[in-house]
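Let's take a walk through this fold together, one piece at a time. Pull up the model and follow along.

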Amino acid sequence: MRRTVQSPLGPLTLVAEAGALTELRWGRAGREDESNLLARAAGALAAYFAGERLDFDLPVAPGGTAHDHAVWRAMQRIPAGETRTYGEVARDIRSGPRAVGTACGRNPIPIIVPCHRIVAAGGALGGYSGQGGLETKRFLLELESSLRLR
């Protein structure tokens with residue numbers, strides 16, 4: 001099931017299977033469906049971009065390796081408006097910074113599973129595999145920081 005939503009970053013397509021979100025894609029869906037979960041997710045994204053919420057409480061089931069899942073769970077524990085370095089996450093899950101970066105790049109549900117909250121040592125942004133690259137990462141971090149100050 002797929003549904004496209006509009007955002008300040010352009011159209012985003014939510015993909016769900018078996019009652020959980022499995023992907024957030026940059027761009028439009030070819031075919032659109034409707035479900036309660038997709039409607040909830042669309043509403044949650046709209047509220048996030050409108051500055052009405054910082055986090056997501058949606059069922060997710062991204063495909064990936066056991067290591068990827070460990071990294072993605074660690075991402076979800078980072079409070080909105082805060083960041084952790086690749087090295088900090090690596091220490092937390094007993095991995096290496098490069099492996100954490102690889103898992104970040106594989107994240108199929110960006111924004112909702114917040115890979116943008118992981119940065120390089122010294123606070124440099126590092127990378128971002130989503131559409132718009134570092135400009136998009138910067139936008140998301142600034143949005144969350146401004147909301148925490150309210």
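**From the sheet to the core**

A good place to land is one pairing: glutamate 17 has alanine 20, in E3, as its bridge partner. Keep in mind as you look around that this is a predicted model.

That pairing belongs to a bigger set, as E2 and E3 run antiparallel and are joined by 6 bridges. The two strands make a hairpin with 2 residues between them. Look at alanine 18 in the turn, where phi is positive, at about 50°.

Now zoom out to the sheet. It's an open one, built from 3 strands in the order E1-E2-E3, with antiparallel pairing. Strand E1 (2-5) and strand E3 (20-26) are the edge strands, each pairing on one side only. On average, neighbouring strands are turned by 25° against each other, direction ignored. As for what holds such an arrangement together, strands of a sheet pair through backbone hydrogen bonds.

The sheet has a helix on it, too. Helix H1 (residues 36-49) packs there and touches E1, E2 and E3, with its direction making about 145° with that of E2.

Back in the sheet, threonine 13 deserves a closer look; this residue sits in strand E2 (residues 12-17). Is threonine 13 buried or exposed? Its relative accessibility is 1%, so threonine 13 counts as buried, the cut-off being under 20%. What does the side chain of a buried threonine reach? For threonine 13, one partner is the backbone nitrogen of alanine 29, at 2.9 Å. A polar atom of that same threonine 13 side chain also lies 2.6 Å from the backbone oxygen of glycine 27. Setting aside neighbours within four places in sequence, the contacts of threonine 13 include Arg2, Arg3 and Thr4, along with Glu23, Leu24 and Arg25.

Next, slide along the chain to the loop between H1 and helix H2 (66-77), where you'll find leucine 54. Leucine 54 counts as partly exposed because its relative accessibility is 23%. The C-alpha atoms of leucine 54 and alanine 80 are 5.9 Å apart, although the two residues are separated by 26 residues along the chain.

On to helix H3 (residues 86-93), where Tyr86, Gly87, Val89, Ala90 and Ile93 are buried. Viewed down the H3 axis, these buried residues fall within an arc of 160°, so they line one face of the helix. The reasoning is familiar: an α-helix has 3.6 residues a turn, so residues three or four places apart point the same way. Arg91 and Asp92 are exposed, on the face of H3 turned away from its buried side. Just after H3, arginine 94 takes a positive phi of about 60°.

Finally, the core. The largest nonpolar core has 40 residues, and those touching the most other members are Leu14, Leu21, Leu45, Phe49, Val100, Ile111 and Ile112. At least two residues each come from E2, E3, H1, H2, H3, helix H4 (97-106) and helix H5 (133-148). H1 gives the largest share, 8 residues. Valine 100 ties back to H3: leaving aside neighbours within four places in sequence, its contacts include Tyr86, Val89, Ala90 and Ile93. His67, Val71, Ser95 and Ile118 are also in contact with valine 100.

Conventions. Residues are numbered from 1 along each chain as its sequence is written. This is a predicted model: local features need pLDDT of at least 70, side-chain atom pairs count only at pLDDT 80 or more; totals for chains, interfaces and linings use all residues. Side-chain values use heavy atoms; hydrogens and water are left out. Helices (H or I, at least four residues) and strands (E, at least two) are DSSP runs, numbered from the N terminus. Buried means under 20% relative accessible area, exposed over 50%, partly exposed in between (1.4 Å probe, protein chains only). A polar contact is a pair of N or O atoms within 3.5 Å; within protein, one must be able to donate a hydrogen and the other to accept it, and residues adjacent in sequence count only if both atoms are side-chain atoms. Contact means heavy atoms within 4.5 Å. Two strands pair if DSSP finds at least two bridges between them. Axes are lines fitted to C-alpha atoms, for helices over the stretch in contact, and angles run from 0 to 180 degrees between N-to-C directions. The arc is that of the directions from the helix axis to the C-beta atoms. A nonpolar core is a set of buried Ala, Val, Leu, Ile, Met, Phe, Trp, Tyr and Cys residues joined through side-chain atoms within 4.5 Å.
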